[in-house]
Amino acid sequence: DNGFMKGASTVRAIAVDARHLYWTEPGTGAIGRASVDGSDADVNFIAGAGTAVAIAVGDRYIYWVDLPRAAIGRANLDGSGVDPSFITGVRGTTGLAVDDRYLYWASGGDGTIGRAKLDGSAVNDSFVTGANVPVAVAVDDQHVYWTSRGADAIGRANLDGTGADESFITGAGAPWAVAVDARHVYWTSDATRAIGRAKLDGSGADPVFVATASAAKGLAVDGGPAGTASGSASELSFGSQPLGAFGPPRALTISNSGHGSLEIDAARISGAGEDDFLVSHDSCSHRT
């Protein structure tokens, strides 16, 4: 759907989490945000991001690359706490990715993939070397991937930086952006004006998986459909209790019977007689 969301002007890169879509607006120096259904778009969600050309989102923070400043910026998920110089000295960086431990970035001029801890320490500009004009980077629980624009390929390395394979997926056709989910690697191609896809082992490559009719520069993939809440019981019996006396507790387990992640907002008591009950133990609220 080429008209999924309108109003953004100079989009260069995108990222997505369970609730929101984020994008860079290098022309206005801002980070935009919208709900995952495309509603509630705010093109100035974070101001002062500079010429942001890459973006990534983690469990607690939003990160972006300001190319002229040679820096990685960071802000809280609600847009507060903006730090435009969270990590400095990242020259020629155009790609950014994050997992639960590290930030990764692609520096095309140096032919390297860099890495740092989430607190900004242990910066390693040469975590992976020898990449052929890497433009974008993605990460899953086993590997780091990058678009090797100079080799028309998708590169891959282990999470510790070993086993680098510059031609993991060949024939990618001037790839720009890259993304990965639990089953596939995806990339955008300037040559085919399409989104390509391959299996995680590099097989089954389809260079025109989605024909976009444009040279897309940003790519993100979400975790799939949302999970489904399922209770271990439809009702609980507490019996009668004297006024002011606590009865024995009853437990209710919430399970995810769907295919995607289930995010719990909060466990609450509501309805008639809600003051007669209390939650004595809660291991569900704010959990995924």
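Two strands count as paired if DSSP finds at least two bridges between them. In this predicted model, strand β13 and strand β14 (residues 143–148) exceed that requirement, with four bridges in the antiparallel sense. One contact of β13 with β14 can be named by residue: alanine 138 has tyrosine 145 of β14 as its bridge partner. In general, strands of a sheet pair through backbone hydrogen bonds, in either a parallel or an antiparallel arrangement.

The pair belongs to an open sheet of four strands. The order is β13-β14-β15-β16, and the pairing is antiparallel. Strands β13 (134–139) and β16 (165–170) form the edges. Each of these edge strands pairs on one side only. On average, neighbouring strands of the sheet are turned by 30° against each other, direction ignored.

The chain as a whole contains 22 strands and zero helices. It comprises 288 residues, of which 39% count as buried. Its C-alpha trace spans about 75 × 40 × 40 Å along the principal axes. Contacts were also examined by separation along the sequence. Of those between residues at least 6 apart in sequence, 34% join residues at least 24 apart.

The surface was considered next. About 15,000 Å² of the chain is exposed, and carbon and sulfur atoms supply 47% of this area. The chain carries 21 positive and 33 negative charges. The mean positions of the two sets of charges lie 4 Å apart.

Technical notes:
Residues numbered from 1 in each chain as written. Predicted model: local features only at pLDDT ≥ 70, side-chain atom pairs only at ≥ 80, totals over all residues. Heavy atoms only, no water. Helix = DSSP H or I, 4+ residues; strand = E, 2+ residues; numbered from the N terminus. Axes fitted to C-alpha atoms, helices over the stretch in contact; angles between N-to-C directions. Buried < 20%, exposed > 50% of the residue type's maximum accessible area, 1.4 Å probe, protein only. Contact = heavy atoms within 4.5 Å. Areas by Shrake-Rupley, 256 points an atom, 1.4 Å probe, with all protein chains shown as cover. Lys, Arg positive; Asp, Glu negative; His and termini not counted. Charge placed at Lys NZ, Arg CZ, Asp CG, Glu CD.
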